[in-house]
Amino acid sequence: MLRPHIVILGAGFGGTNVAKKLRARVKRGEIDVTIVNRTNYFLFTPLLHEVATGGLSPRNVAEPLREVFVHTGIRIVQGSVDGINAAERTVAVRENGQVHILRYDYLVAALGAETNYYGIPGAPEFTLPLKSLADATAIRNRIIDTFERAVLTENADDRKALLSFVVVGGGATGVELAAELSEFMSGLVGRYYGASHCSAEDPRKCSPEEPSLTLVNASKELLEMFKPSLRTAAQDRLTKNGVTVRSSTVVSAVTRTGLTLASGETIPASMIVWTAGVKAIIPHFEDLKPTLTGGRLAVDGNFRLLGSDRIFVLGDAAAYVDARDFAKDSSKTRPLPMLAQVAQSQSGRVAKNIIAAIAGKPLKDFHYNSPGSMVSVGQWFAIGEIFSMKLAGRFTWWLWRTVYLSKFASWRKRIRIAAEWAFELVSPRDITKL
Ligand SMILES: Cc1cc2nc3c(=O)[nH]c(=O)nc-3n(C[C@H](O)[C@H](O)[C@H](O)COP(=O)(O)OP(=O)(O)OC[C@H]3O[C@@H](n4cnc5c(N)ncnc54)[C@H](O)[C@@H]3O)c2cc1C
């Protein structure tokens with residue numbers, strides 16, 4: 001009998017962990033597993049803001065898939081998913097201009113999410129996203145480049161405009177990035193660029209306000225998923241670090257020179273990073289029109305795409321409503337949040353359900369028990385809610401780093417990151433433009 005072939009689309013937090021769990025539960029030779037991913041590595045997104053601000057080297061937040069799955073028999077395919085044919089059970093994968101067809105018995109779609117610009121004019125053209133390794137490197141390069149350009153910008157107003165930076169989005173990514181960015185910039189000014197910003201004719205023009213960083217947030221407060229006291233602690237920390245926080249501030253357009261707000265006001269900026277939201281990546285289905293809930297693929301309680309019993313969806317792409325929440329309180333019918341820890345914890349149930357489906361056994365629902373979450377706000381400070389405990393400060397920051405370190409698959413990577421973090425505590429960040 002032919003072995004069932006499971007094809008996993010996307011090697012992020014969801015897809016990678018489904019593959020690991022399948023491999024852990026099923027003996028080699030009983031199933032075939034293929035992973036298709038656009039890059040040849042798994043990307044640890046929660047630390048991307050540190051790459052964008054020179055705290056970590058790009059390669060330290062990426063784990064090569066062939067290393068993660070070495071000696072497992074899992075086939076890795078680098079390529080972009082072009083389309084799915086549910087009736088024929090095939091996936092078209094594009095690589096280097098050529099389309100290859102893969103056949104599957106069961107398909108796992110875990111393609112994650114992409115930046116959402118909400119149709120705001122100019123946002124895709126004039127802002128930098130933070131979703132990929134290339135995005136993080138581009139932000140870091142842009143910051144360094146801007147400081148280099150400022151050296152030859154004599155006019156104080158021009159220099160002020162050049163050194164105006166904005167982060168849009170007051171969620172976890174925006175806050176973590178803004179906090180690290182402010183520290184990166186003060187390090188740049190304090191150590192390398194400060195003196196060159198002073199006017200040769202009048203050293204008093206060496207304004208301490210340069211550069212400026214504004215965090216623009218549409219909702220009333222930052223980090224709305226946290227308790228009010230923790231939000232305040234995070235905002236106070238940002239303000240202490242010199243970040244201007246503008247809440248209840250809605251962006252209506254973006255231009256080459258800055259933001260236009262719904263109020264009509266403009267905020268000048270030479271670099272704008274867009275962390276205001278994401279939307280699920282929906283693959284092209286050749287023969288069916290999937291149901292979407294809030295822009296994500298609607299699935300049943302067993303993670304099967306509605307209308308298909310061979311396609312499982314998880315992670316950011318799936319609108320999974322916890323059945324227990326639904327039964328307890330019908331107002332709580334919102335899909336689980338787009339978080340790495342959600343995707344990771346769903347992966348175990350998806351793997352078990354695929355194994356059950358192969359064996360012809362009943363599939364089971366999934367219930368998410370959140371262990372809590374943490375957000376770093378620069379060096380030595382983080383906030384967190386863990387098992388209903390509110391935490392803020394140095395210990396939380398240490399815990400945040402320890403937890404994230406433990407999430408990497410290989411000890412080699414963990415040691416490299418720990419070493420880089422330790423080194424960074426006693427030495428300035430690297431400013432080589434990559
Ligand atoms: C900057 C940043 C910081 C974050 N910080 C946190 C955090 O601190 N804590 C937390 O819980 N969550 C965090 N998240 C959210 C977290 O990254 C996602 O919720 C999680 O990655 C979702 O897992 P996933 O498997 O659904 O998708 P992903 O992990 O995004 O994986 C999707 C994979 O599919 C691949 N892919 C996409 N399209 C194609 C295609 N057409 N063909 C082939 N491959 C494709 C991608 O390359 C990627 O490898 C952060 C996200 C970002 C961007």
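A residue is counted here as buried if 20 or more other C-beta atoms lie within 10 Å of its own, as exposed if 12 or fewer do, and as partly exposed in between, with C-beta atoms placed from the backbone. Helices (H or I, at least four residues) and strands (E, at least two) are DSSP runs, numbered from the N terminus. The structure is a predicted model, in which local features need pLDDT of at least 70 and side-chain atom pairs count only at pLDDT 80 or more, while totals for chains, interfaces and linings use all residues. Residues are numbered from 1 along each chain as its sequence is written.

By these criteria, four of the five residues of strand E25 (residues 382-386) are buried, so this strand is largely enclosed by the rest of the structure. Two strands are said to pair if DSSP finds at least two bridges between them. E24 and E25 run antiparallel and are joined by five bridges, with Ser-373 standing opposite Glu-385 in E25. The hairpin of E24 and E25 has five residues between the strands, and within this hairpin Gly-378 takes a positive phi near 85°. On to strand E26 (residues 389-393), E25 is again joined by five bridges in an antiparallel arrangement, and Ile-383 has Ala-392 as its bridge partner in E26. The hairpin of E25 and E26 has two residues between the strands. Phe-387, which is found in the loop between E25 and E26, has a phi near 45°, a positive value in a residue other than glycine. Phe-387 counts as exposed because it has 8 C-beta neighbours inside 10 Å.

A positive phi is also found at Arg-89, where the angle is about 55° although the residue is not a glycine. Arg-89 lies in the loop between E6 and strand E7 (90-95), and it is partly exposed, with 18 other C-beta atoms within 10 Å.

Towards the N terminus, strand E1 (residues 5-9) has four of its five residues buried, and it is therefore largely enclosed by the rest of the structure. E1 pairs with E2 in the parallel sense over five bridges, and the bridge partner of Ile-6 in E2 is Val-33. The chain passes from E1 through H1 to E2 in a β-α-β crossover that is right-handed, a term that applies if, with the strands pointing away from the viewer, the path from the first strand over the helix to the second runs clockwise. E1 also pairs in the parallel sense with strand E9 (residues 106-109), over four bridges, and here the bridge partner of Ile-6 is Tyr-106.

The domain assignment gives domain 1 (5-38 + 79-115 + 279-370) and domain 2 (123-276), the bounds being taken from an automatic or database assignment. The centres of the two domains, taken over C-alpha atoms, are separated by 37 Å. The shell around the ligand nevertheless draws at least three residues from each of domain 1 and domain 2. In total, 32 residues surround the ligand, and the closest are Gly-10, Gly-12, Gly-14, Gly-112 and Gly-315; a residue is near a molecule if its C-beta atom, placed from the backbone, lies within 6 Å of it. The elements that contribute two or more residues to this shell are helix H1 (13-25), strand E2 (32-37), strand E6 (80-85), helix H7 (172-193) and helix H10 (340-359). By class, the shell comprises 17 nonpolar, 12 polar and three charged residues, where Ala, Val, Leu, Ile, Met, Phe, Trp, Tyr, Cys and Pro count as nonpolar, Asp, Glu, Lys and Arg as charged, and the others, Gly among them, as polar.

Helix H7 has 22 residues and reaches 29 Å from its first C-alpha to its last, which is close to the 32 Å expected at 1.5 Å a residue, the expected span being 1.5 Å times one less than the number of residues. H7 is mostly covered, in that 16 of its 22 residues are buried.

Two exposed charged residues complete the description. Lys-364, in the loop between H10 and strand E24 (372-376), is exposed, with 12 other C-beta atoms within 10 Å. The C-alpha atoms of Lys-364 and Asn-302 are separated by 5.8 Å, although the two residues are 62 apart along the chain. Glu-125, found in helix H4 (residues 123-126), counts as exposed because it has 10 C-beta neighbours inside 10 Å. Between the C-alpha atoms of Glu-125 and Thr-214, which are 89 residues apart along the chain, the separation is 20 Å.
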